[in-house]
Amino acid sequence: MIYRAAIFDLDGVIADTARLHLQAWRQLAEALQRPWADDTEEKLKGLERMASLEVILGGESGNFSEETKLALASRKNSRYQELIRSLSPEDLLPGAGKLLAWLYERKIPIALASASKNAPAVLQALGISDFFSYIADPEQSAPKPSPEIFLAAAQGLQVEAEFCIAFEDAAAGVTAIKAAQGMTAVGVGSESTLGSADYIVGSLEMFDPKDFFLSAIRAAVVS
Ligand code: G6P
Ligand code: MG
């Protein structure tokens, strides 16, 4: 397959921000005296804000009013926003900056498909906003594992899903990509949680774009 566009998740793929989300959720869980199980971390990855809160509240969820839940989610978000204030290009994960620059220099369009409403601010702080032709709005799509946000990203780039390759660190995200009309999934992380991806790499550093895009560039030059 010759790919024509790349779609990225943000937290845990491009930037080391998944740990900041977790840190903020963990503080809230402690304040509410909610347990933090071995699999809580993996469950929270890629989950939208209110769904994440439900994981934290667990069996106690019914004891909180909607209003209180919104206030709790907003408390977590304020803490997260405090944590991302100190982000800089140094917080890019290995290989991320190089891969984005490689694609951008070759005019291969790049979109973001992140559930995070803080994504534009994070891209700005990391100094990589200009690489992105399109940022899918998480408020306009059903949350992952629905494929909607990845389809919206492909549409935003005007490239059919089957010609897009998408990168994810969360199981819910890989499921979303695999349901997106023939899109190809690259899992960034471990085989144990991302087994259904088409390719798995430990980090973006291990993804060689020449293997996936070069023929697209040659084809464009020839035609
Ligand atoms: C991403 C992260 C999740 C986070 C979600 C919502 O998917 O992986 O950990 O909960 O975005 O982020 P937000 O910044 O909108 O609360
Ligand atoms: Mg992620």
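**Notebook: ligand 1 and its cavity**

I began with one contact: an oxygen atom of ligand 1 comes 2.7 Å from a polar backbone atom of L47. I'm keeping in mind that this is a predicted model.

I then checked how well covered the ligand is. On its own, ligand 1 exposes 390 Å², and the protein buries 98% of that.

Next I looked for other polar partners. G46 also offers a polar backbone atom, 3.1 Å from an oxygen atom of ligand 1. With R49 I had to look at the side chain instead: an N or O atom there is 2.7 Å from an oxygen atom of the ligand.

**Who else is around?**

I listed the residues around ligand 1. Besides G46, L47 and R49, I wrote down D11, H21, L44, S52, K76, A115, S116, K117 and N118. What classes make up this shell? I got 3 nonpolar, 5 polar and 4 charged residues.

**The cavity**

How many cavities of 30 Å³ or more does the whole structure have? My search of the whole structure turned up 1. I put about 310 Å³ down as the space in the largest cavity. The space taken by ligand 1 is this largest cavity.

Then I went through the lining. The largest cavity is lined by 23 residues, and those nearest its centre are D11, H21, L44, G46 and L47. I recognised these names, since D11, H21, L44, G46 and L47 are also among the residues around ligand 1.

Which elements give two or more residues to the lining? I noted α1 (18–31), α3 (49–57) and α4 (66–84). The largest share comes from α1, with 4 residues.

I sorted the lining by class too. For the largest cavity I have 7 nonpolar, 7 polar and 9 charged residues.

**Two backbone oddities**

I left the ligand and scanned the backbone. Which two residues are joined by a cis peptide bond? They are K144 and P145, with omega at about 15°. To place P145, I traced the chain to the loop between β3 (134–135) and α7 (148–157).

My other note is on K107. Phi of K107 is near 60°, a positive value in a residue that isn't glycine. Where does K107 lie? I found K107 in a loop as well, between α5 (96–105) and β2 (110–112).

**To remember**

Ligand 1 takes up the space of the largest cavity, and the protein buries 98% of the area that the ligand exposes when taken alone. For the backbone, I'll remember the cis bond between K144 and P145 and the positive phi of K107.

How values were computed. Residues numbered from 1 in each chain as written. Chains lettered and ligands numbered in written order. Predicted model: local features only at pLDDT ≥ 70, side-chain atom pairs only at ≥ 80, totals over all residues. Heavy atoms only, no water. Near = heavy atom within 4 Å. Polar contact = N/O pair within 3.5 Å; in protein donor to acceptor, adjacent residues only side chain to side chain. Areas by Shrake-Rupley, 256 points an atom, 1.4 Å probe, with all protein chains shown as cover. 1 Å grid on protein atoms, 1.4 Å probe; cavity = no way out; pocket = protein on both sides within 12 Å on 5 of 7 lines; lining within 4 Å. Sits in = over half its atoms within 2 Å of the grid points. Nonpolar A, V, L, I, M, F, W, Y, C, P; charged D, E, K, R; others polar. Points joined across faces, edges and corners; volume = space filled by probe spheres on them.
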